[in-house]
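Student: Please take a close look at a single part of this structure and then follow its connections outward. I would like one connected account rather than a list.

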Amino acid sequence: MNAARENILNRVRAALQLEGAAPAAPSAVAPFTPVTNPLPRFRDEFIALRGELIEDLSAFLAGFPKITSDDAAVPGNAAVHEADLGITGCECLIAQTGTIVVSTRAISVLPPVHLVIARPDQIVPDLAAAFEFLRHRYDGRWPDAISFITGPSRTADIEKILVMGAHGPKRLALHLA
């Protein structure tokens with residue numbers, strides 16, 4: 001057992017003596033193309049991430065027997081851990097990445113389907129504009145949680161196989177009112 005430990009430590013010591021490669025110089029190319037028309041850009045990015053744009057809200061809602069919302073006044077509001085659908089508003093929508101920014105936590109994470117109700121005027125061009133909006137809105141009095149949701153929950157941690165809904169909703173839907 002001691003020999004194995006010494007073998008490992010010797011290999012670590014030897015590796016620490018090697019000089020690492022210098023990092024690559026930063027690229028002059030922007031990682032994202034600038035946003036010139038936020039609404040179509042948001043829609044394209046959101047759909048590319050497997051987000052669902054909902055036009056007929058009544059028909060969509062009819063498919064869910066247990067619904068919960070961040071609005072306690074909604075009639076028949078189900079407990080969040082029992083809900084099939086969680087409905088929230090949002091802080092803003094980021095056109096450049098198709099990201100939805102919310103300040104609610106459980107409702108946007110626990111039900112298997114998350115529906116966001118938003119307005120087109122909530123679309124900001126990029127992440128910098130989203131942070132500027134949030135700083136202005138909260139003026140130092142931040143909510144308990146702010147989440148940046150970029151598509152439905154997904155992971156490929158195990159054997160690089162994509163699994164939807166592993167760490168949150170399997171479906172992410174958006175209704176632009």
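**A hairpin and its surroundings**

Tutor: In the hairpin of S4 and S5, where four residues lie between the two strands, Gly98 adopts a positive phi near 70°. The model is a predicted one, and that should be kept in mind for everything that follows. The two arms of the hairpin, strand S4 (residues 92-94) and S5, are paired in the antiparallel sense over three bridges, and Ile94 is the residue that stands opposite Thr99 in S5.

Strand S5 (residues 99-102) repays a residue-by-residue reading, with Thr99 and Val101 pointing one way, Ile100 and Val102 pointing the other way, and all of them buried. Such a pattern fits a general expectation, namely that side chains in a regular strand alternate between the two faces of the sheet. S5 also pairs with strand S8 (residues 147-149), again in the antiparallel sense and over three bridges, and in this pairing Val102 stands opposite Ser147.

From S8 the chain leads to Thr150, which is found in the loop between S8 and strand S9 (154-155). Thr150 counts as partly exposed because its relative accessibility is 36%, whereas Thr99 in S5 is buried. The two threonines are linked directly, since the side chain of Thr150 makes a polar contact with the side chain of Thr99 at 2.7 Å. When residues up to four places away in sequence are set aside, Thr150 touches Leu49, Thr97 and Thr99.

The other arm of the hairpin leads towards the nonpolar interior. Leu93, with residues up to four places away in sequence again left out, touches Phe42, Thr99, Ile100, Ala118, Arg119, Gln122, Ile123, Val124, Leu174 and Leu176. Leu93 also belongs to the largest nonpolar core, a set of 15 residues in which Phe42, Cys90, Leu93, Ile100 and Leu174 touch the most other members. The elements giving two or more residues to this core are H2, S5, S6 and S11, and S11 supplies its largest share, three residues. A second, separate core consists of eight residues and includes Phe60, Ile87, Leu115 and Ala173. As background, nonpolar side chains in soluble globular proteins tend to be buried together.

Two of the contributors to the largest core, S6 and S11, bring us to an open sheet of five strands in the order S1-S11-S6-S3-S2, with parallel pairing. Its edges are strand S1 (52-53) and strand S2 (67-69), each of which pairs on one side only. Within this sheet, strand S6 (residues 113-118) is mostly covered, five of its six residues being buried. On one side S6 is joined in parallel to strand S3 (residues 85-88) by four bridges, and there Ile87 stands opposite Leu115, both of them residues of the second core. S6 is also joined in parallel to strand S11 (residues 171-176), here by six bridges; His114 has Leu172 as its bridge partner in S11, and Val116 has Leu174, a residue already met among the contacts of Leu93.

Helix H2 (residues 38-48), itself a contributor to the largest core, lies across S1 and S11 and runs at about 160° to S11. The hairpin thus meets this sheet through Leu93, whose contacts include Ala118, Leu174 and Leu176.

Key
Residues are numbered from 1 along each chain as its sequence is written. This is a predicted model: local features need pLDDT of at least 70, side-chain atom pairs count only at pLDDT 80 or more; totals for chains, interfaces and linings use all residues. Side-chain values use heavy atoms; hydrogens and water are left out. Buried means under 20% relative accessible area, exposed over 50%, partly exposed in between (1.4 Å probe, protein chains only). Two strands pair if DSSP finds at least two bridges between them. Contact means heavy atoms within 4.5 Å. Axes are lines fitted to C-alpha atoms, for helices over the stretch in contact, and angles run from 0 to 180 degrees between N-to-C directions. A polar contact is a pair of N or O atoms within 3.5 Å; within protein, one must be able to donate a hydrogen and the other to accept it, and residues adjacent in sequence count only if both atoms are side-chain atoms. A nonpolar core is a set of buried Ala, Val, Leu, Ile, Met, Phe, Trp, Tyr and Cys residues joined through side-chain atoms within 4.5 Å.
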